[in-house]
Amino acid sequence: MAEVVKMPKMSDTMTEGVVAKWHKKVGDKVKSGDVLAEIETDKATMDFESYQDGVLLYIGVQEGSAAPVDAVIAVLGKEGEDYKALLDGEGKAAPAKEEKPAEDKKPAATEDAKPAATAEKSASAKPKVDTSSIPATVIRMPLLSDTMTEGTIEKWNFKVGDKVKADDSLADVATDKATMEVVGYEAGTLLYIGVKEGEAAKVNDIIAIVGKEGTDIQPLLDNADGADGQASAPAQEETPAAEAATPAASNEAHGSTADDSRVKASPLARKIAKEKGINLNDVKGSADGGRIVKKDIEGYTPSAKPAESAPAAQGASAPAAEKAPVTLPTFTGEEKFSERPVTQMRKAISRRLSESLFTAPHFYVTMPIDMDQAIAARTKMNDIAPVKISFNDFVVKAVAVALRQHPAINSSFQGDTIRTNQHVHVGVAVAVDEGLLVPVIKFADGKSLSHISAEVKEFAGKAKSKKLQPAEMEGSTFTISNLGMFGVDEFTAIINTPNACILAVSGIQQVPVVKNGAVVPGNIMKVTLSADHRVVDGATAAAFLQTLKSLLEEPVRLLI
């Protein structure tokens, strides 16, 4: 008989899992103990084994997709066995994966939609007219930036009755970030202008209509937004009069036939040209349709005539005329980015550290530690030790011993109570590709340096190969985050709740120190304790670091 396979709960905090990879496909034979899939939880990516024999009849969650704990992710049974009735009996989540139930829902959705559509029709006082046959196109205020809600028409480059091309810039629009061009993307006659220069319009409002000359555009205005259609019409009647005055006003202002206001150019190019006194009629555009852009202005070299007239306009200043302007080379890059979905581990890190940072009032205490004796002791120990001992192993052991002497540091805030742990479980942060894992060295205060070293190496290997089990990452009473191997001089860490403290360990730096009244080279390692002020006070944190400092500066005390 077929049996469903559900999303397992692989950690105490897991609410959903992502199928990172299926190791079997539909139709494959599966034996008990075979790895069915890799499941990504909030703590690690782990192998999920089958507990029964059979043929994989159904896969309900595709690779990269998430499913809540106990949701059906697969079905195992005999080859050719009907399993659909089994899915129906397992709740609402499973049928959603099948095509048939989805089709069954369509008639109901259609029936529900009919009354809604009827209600909308009856509520409309004025039925909309079919405008698809009208040879004209409505130009609306475009969304020119991600934060734009409205735009102001700074300048119309055409007037009603002008012929426009598809790539013509109809107007310059000021947004909340810059002044940009509005291109109609339609060829024809400009039949209507709905917003005057200097006036604002909301995104998606009608600002113009382009189409065949003589077209009746009133139905387009009436159908534009329902109730507002009639209010838009009067603007058309006033526009021609206002626009008719534009050419005269323009000619009076410029007093020249060399007016460059109708030349196709980007707003930035127009602005730079104005600052440099360049007439756009003299510049050749390199963009589509001969449009002038920034690089055309920057690369423009004035002819002999403008060059000669420049000194006269500046009072015949010879030194100024002889000095060539500095022209920066144009560099054009490509803006691009990539996105990837947030992994379950990264979600857990984000959630837990955000909760820690905003619920636990952190304070930080930093102390330098002279590591000369620790360096010498490590060298001698590694000559006879069964495993190589690292400086991180020294820190773990020293922290564990110091916690015995300062139980307040080995505590956690429980809301109405403060729990002081009698055991010492030290979490050691390990970086992996997906984020950060914290395996726990349990009862670290009672273990030797060699034992700690072997255990840390084993956990690190499991973390890298995604074999670390949830039980090996639970129960820490204190956490260490060590970035010394990256040469970090000093940093602070966020508390790994429910711990009350975390120790940030930096690299060993060779710096000048004063010993016996003389400046000599020394090996200094800085450590920073992040503490939860609800549990630990500043003096308590400082006392703990003093003990830690004395243990590392005289490592023989770790062997007692």
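## Burial, sheets and surface in a predicted model

Of the 560 residues of the protein, 40% count as buried, and the model from which this value comes is a predicted one. The protein holds 13 helices and 26 strands. About 31700 Å² of the protein is exposed, with carbon and sulfur atoms supplying 54% of that area. When contacts between residues at least 6 apart in sequence are considered, 60% of them join residues at least 24 apart.

**Two open sheets**

One open sheet is built from 4 strands in the order E5-E4-E2-E7, and its pairing is antiparallel. Strand E5 (45–49) and strand E7 (66–68) stand at the edges with a single partner strand each, so one side of each is left without a neighbour in the sheet. On average, and with direction ignored, neighbouring strands of this sheet are turned by 40° against each other. Within the sheet, strand E4, which covers residues 35–40, pairs with E5 in the antiparallel sense over 5 bridges, and Glu38 stands opposite Asp47 in E5.

Another open sheet, also described by antiparallel pairing, has 4 strands in the order E9-E16-E14-E11. Here strand E9 (136–140) and strand E11 (163–164) are at the edges, and because each has a single partner strand, one side of each lacks a neighbour in the sheet. The pairing of E11 with strand E14 (residues 188–193) is antiparallel and runs over 2 bridges; Val164 stands opposite Gly188 in E14.

**Residues in loops and at the surface**

The table places three residues by their relative accessibility.

| Residue | Relative accessibility | Class |
|---|---|---|
| Gln52 | 18% | buried |
| Phe491 | 16% | buried |
| Phe358 | 70% | exposed |

Gln52 is found in the loop between E5 and strand E6 (54–59), and Gln52 counts as buried because its relative accessibility of 18% lies under the 20% limit. With neighbours within four places in sequence left aside, the contacts of Gln52 are Glu3, Val4, Val5, Val30, Lys31, Ser32 and Leu76.

Phe491 lies in the loop between strand E24 (478–482) and strand E25 (501–515). At 16% relative accessibility, Phe491 also falls under the 20% limit and therefore counts as buried. Once neighbours within four places in sequence are left aside, Phe491 is in contact with Ser481, Leu483, Ala504, Val505, Ser506 and Thr528. The C-alpha atoms of Phe491 and Thr528 are 7.1 Å apart in space, although the two residues are 37 apart in sequence.

Phe358, by contrast, counts as exposed, because its relative accessibility of 70% is over the 50% limit. Phe358 belongs to helix H9, which spans residues 344–359. Together with Leu357, Tyr364 and Ile494, Phe358 makes a nonpolar surface patch of about 410 Å².

**Helix H5 and its cover**

In helix H5 (residues 267–276), the buried residues include Pro267, Ala269, Arg270, Ile272 and Ala273. Among the elements that cover the buried residues of H5 are strand E12 (169–174), strand E13 (179–183) and helix H6 (294–298). Just after H5 comes Gly277, which takes a positive phi of about 70°.

Key. Residues are numbered from 1 along each chain as its sequence is written. This is a predicted model: local features need pLDDT of at least 70, side-chain atom pairs count only at pLDDT 80 or more; totals for chains, interfaces and linings use all residues. Side-chain values use heavy atoms; hydrogens and water are left out. Patches are made of residues with over 30% relative accessible area and no salt bridge: like charges are joined within 9 Å, nonpolar side chains (Val, Leu, Ile, Met, Phe, Trp, Tyr) within 5 Å. Accessible areas come from the Shrake-Rupley method with a 1.4 Å probe; for residues, only the protein chains shown count as cover. A salt bridge is a side-chain nitrogen of Lys or Arg within 4 Å of a carboxyl oxygen of Asp or Glu. Buried means under 20% relative accessible area, exposed over 50%, partly exposed in between (1.4 Å probe, protein chains only). Two strands pair if DSSP finds at least two bridges between them. Axes are lines fitted to C-alpha atoms, for helices over the stretch in contact, and angles run from 0 to 180 degrees between N-to-C directions. Contact means heavy atoms within 4.5 Å.
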